[in-house]
Amino acid sequence: MSIFPFPTALVHEWFSPRSAGGAELVVQQLDALLQPQLFSLVDAESSCSSSWLAGRSIRTSFIQRLPFGKSHVQQYLPLLPLAIEQLNLEGFPLVMSSSHLVAKGVLTSPEQLHVSYVHTPVRYAWDQMHAYLQASQLAQGPLGPWVRWQLHQLRMWDVLSAMRPNHLIANSRFSAQRISRYWGRSATVLPPPVAVERFDWQQQREAFYLCVCRLVPYKRVDLVVRACAALNLPLVVVGDGPERKRLEAMAKTNTRFLGYCPAADVEQLMARCRAYVFAGVEDFGIAPVEAMAAGAPVIGLGRGGLRDSVLCIKQNAATATGLLFPDQELASLQAALAAFEDGQLWRLLPAERLRCHAETFAPQVFRTRLQLLLQKLWDSHNHDPFAAVPVV
């Protein structure tokens, strides 16, 4: 049953089997809390009997009817702002959007309350644009100027559409900082839900380090591989992607690449590893919290969302859940790993403490905090809707 006695709407960019990350975990919790009518650019899930959305009514945009729209929606990037604006949200007093690209840009009336949960301002249009252009074959070819122009247009629409929601929620202080920088707006920070109950924190730990992520450049798995090679530390890398061949070429015999692994295998590896290592900058970072739920300390870069989730042993050993290193450089990570090994710091980071900390990100905690926030926003929105409108 919904927490509100009236119809609500939930807008998500796309429902696709190809997308099953942290954003989708947030959407599932929003769906459970609001029991809303779902809206999306495309829907390739409701027709799948194995999907949590099987048989659901999902209202979609014209992208759904274009060739390969359901399977490759991102190829229509220049059309996505227009498409999201065509969704008709009349009759829904409360609109919730789950946005990492265009969902926040839906059109609502002054009487409607629109709250947007922002996973990130679109990375490849802002701070990661140059890395995206360097890695894009299309951007390197004759269409390069057109690609740059499209990103310029997207940035302008991104700022314009960011003014539309009544209230923004960010998944971390880092995301809130980016929202302030690029959109000039403030946001309430509410970390996303993490399925901590999946993990067993009471298993015997082994002397290997673990890295689980997509093997793409910005994750900086190369730093993890090189640091472990220099210190001759056993490393297991789970994940696949365009960086795999390059990473395998620089690795030594101490590193094993397992490629894609089923969730059950990842859970076992997290439950047995000495520590989880991550060198990328994440908006939040689900995997480090999952590692802590499995009782594994985190050795991570002290930037981005990890500063909200990992408590560094250098700050307070009594509450610590990991070790954060300051710079995204090989020497910084190598020094952290050496200190972790030489000082046997894992002995100061008991699995039970890590699990208790991870449970503060559990789905039920997320739902409780979000329900209180939405009820407060709804009460404020309806108390005096004309209070902010001056009359002369």
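**Helix packing, two glutamine loops and the cysteines**

Helices α1 and α14 cross in a right-handed way, meaning that the near helix is turned clockwise from the far one by less than a right angle (anticlockwise would make the crossing left-handed). By class, this contact of α1 with α14 brings together eight nonpolar, two polar and one charged residues. Here Ala, Val, Leu, Ile, Met, Phe, Trp, Tyr, Cys and Pro count as nonpolar, Asp, Glu, Lys and Arg as charged, and the others, Gly among them, as polar. All of this comes from a predicted model, in which local features need pLDDT of at least 70 and side-chain atom pairs count only at pLDDT 80 or more, while totals for chains, interfaces and linings use all residues. Residues are numbered from 1 along each chain as its sequence is written, and side-chain values use heavy atoms, with hydrogens and water left out.

Two packed helices are described by the angle between their axes and the distance between the axes. For α1 and α14 (residues 363-383), the axes come within 10 Å and cross at roughly 55°. Axes are lines fitted to C-alpha atoms, for helices over the stretch in contact, with angles from 0 to 180 degrees between N-to-C directions. The two helices are therefore oblique to each other, a label for what is left once angles under 35 degrees (roughly parallel), over 145 (roughly antiparallel) and 65 to 115 (roughly perpendicular) are taken out. On the α1 side, Val-26, Gln-29, Leu-30, Leu-33 and Leu-34 meet Pro-363, Phe-366, Arg-367, Leu-370, Gln-371 and Leu-374 of α14, with contact meaning heavy atoms within 4.5 Å. Helices (H or I, at least four residues) and strands (E, at least two) are DSSP runs, numbered from the N terminus.

Gln-35 sits in the loop between α1 (22-34) and β2 (37-43). Its phi is near 50°, a positive value in a residue other than glycine. Gln-344, in the loop between α12 (330-342) and α13 (351-358), also has a positive phi, near 45°. Gln-35 is partly exposed at 46% relative accessible area, and Gln-344 is partly exposed at 34%; buried means under 20%, exposed over 50%, and partly exposed in between (1.4 Å probe, protein chains only).

As for the cysteines, the count of disulfides (pairs of cysteine sulfur atoms within 2.5 Å) comes to zero. Cys-211 is in no disulfide, and the nearest cysteine sulfur, that of Cys-213, is 4.1 Å away. Cys-211 is buried, with a relative accessible area of 1%, whereas Cys-48 is partly exposed at 27%.
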